[in-house]
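Me: Can you help me look over the ligand site in this one? Here it is.

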Amino acid sequence: MGPGQVRVKMKAWSTNYRDIVVPMGLYFSGPVSKDTVPLSDGAGEVIEVGEGVDQWRIGDRVAGTFFQSWRDGPFNAGVFGSDLGGPTDGVLAEEVVLDQQGLVRLPDSLSFEEGATLPCAAVTAWNSLFEIGNVRAGQTVLVLGTGGVSLFALQFAKAAGAKVIATSSSDDKLRRLEAMGADQTINYRDNPQWGQAVLELTNQQGADHVVEVGGAGTLENSMIAVAPGGSIGLIGVLSGVDGQVNPLPLVAKAVRLQGVYVGSRSMFEAMNQFIAQHDLKPVIDTRFGFEQAPDAYAHQASGGHMGKVVISAEL
Ligand SMILES: NC(=O)c1ccc[n+]([C@@H]2O[C@H](COP(=O)([O-])OP(=O)(O)OC[C@H]3O[C@@H](n4cnc5c(N)ncnc54)[C@H](OP(=O)(O)O)[C@@H]3O)[C@@H](O)[C@H]2O)c1
């Protein structure tokens, strides 16, 4: 272990859609080597600190940051390649060694399993809503589907006092979204014109911010659903990357379409304060033991989950 580094005994991990596509070489950063340690998301306890470490002590409860080199400020070229479990070795290991700047403190209110859900999905939802979307109380937020990013966005938006419209392909999941506080829900499978449905639910005003996780297959509806002067945080590609999109509604409604790529360490810290202040609990769908990590991957890939899939050292 070198100067400025910290050894963490990992207690829990979580999977993201990204972790399914990274080994296929389909992630932005391209193919990874066969030996790359997978997963960006995990939490644990500091068990050793290197020379010069002044931010952490043994026993601190921490999570790694998705981008090890994005501390604060805007996204920049120096961030590329520092994402854990992509080109850089990730955290699906019993112990990991990270730079002291590549960690954040877990909120006391969260368990290790809950903390392990935060680095990718939660920070992305936070960045989309509050750094890019500048969401305020009374506004309307549209979230798509019931994956990790979308459920964090729902929880954050509700805690900020916004109204939330949520979609799902499953009526059962729609009921669960309502129980979580979604104000209005739409089954996007039964309503292929769900963008229009959002307009009808908002008195033709539209949603002030769209947390766009679908990509090419959903963007057209999102552009219909968004309010004049609103914003779309373009995050994911669940519906694929191929397709023709008519960009005119963006112009006609003066909408801001902004790519979102997780977020910085300082965004992660601001989000953790918000989580603690509002006593928010990440939604964990299923837990798997360390030896069952392949089953966690399979469950994430199935799309049957709602929220986060966790791997726990305790099981
Ligand atoms: N840019 C970034 O920094 C960043 C960060 C995190 C994630 N992402 C991307 O964001 C997306 C979501 O990631 P995640 O980890 O939250 O995914 P996830 O947990 O695997 O989400 C799965 C859920 O997405 C919903 N879904 C699938 N196809 C859909 C469609 N066509 N329209 C609406 N919803 C659909 C389904 O919900 P229902 O079962 O309810 O229908 C499914 O259960 C992925 O594409 C991922 O790569 C990007």
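Me: Which domains does the shell around the ligand draw at least three residues from?
Reply: Domain 1 (5–117 + 282–312) and domain 2 (123–259) each give at least three residues to that shell; the bounds come from an automatic or database domain assignment. This is a predicted model, where local features need pLDDT of at least 70, side-chain atom pairs count only at pLDDT 80 or more, and totals for chains, interfaces and linings use all residues. Residues are numbered from 1 along each chain as its sequence is written, and side-chain values use heavy atoms, with hydrogens and water left out.

Me: Which residues come nearest to the ligand?
Reply: Of the 27 residues around the ligand, Thr-146, Ser-168, Tyr-188, Val-260 and Val-262 do. Being around the ligand takes a heavy atom within 4 Å of it.

Me: What does the side chain of Thr-146 do there?
Reply: One of its polar atoms lies 2.6 Å from a ligand oxygen, a polar contact (a pair of N or O atoms within 3.5 Å).

Me: And how far is the backbone of Val-262 from a ligand oxygen?
Reply: A polar backbone atom of Val-262 is 2.7 Å from an oxygen atom of the ligand. For His-305, a side-chain N or O atom is 2.8 Å from a ligand oxygen.

Me: How much of the ligand does the protein bury?
Reply: The protein buries 90% of the 930 Å² that the ligand exposes when taken alone, by the Shrake-Rupley method with a 1.4 Å probe.

Note on methods. A polar contact is a pair of N or O atoms within 3.5 Å; within protein, one must be able to donate a hydrogen and the other to accept it, and residues adjacent in sequence count only if both atoms are side-chain atoms.
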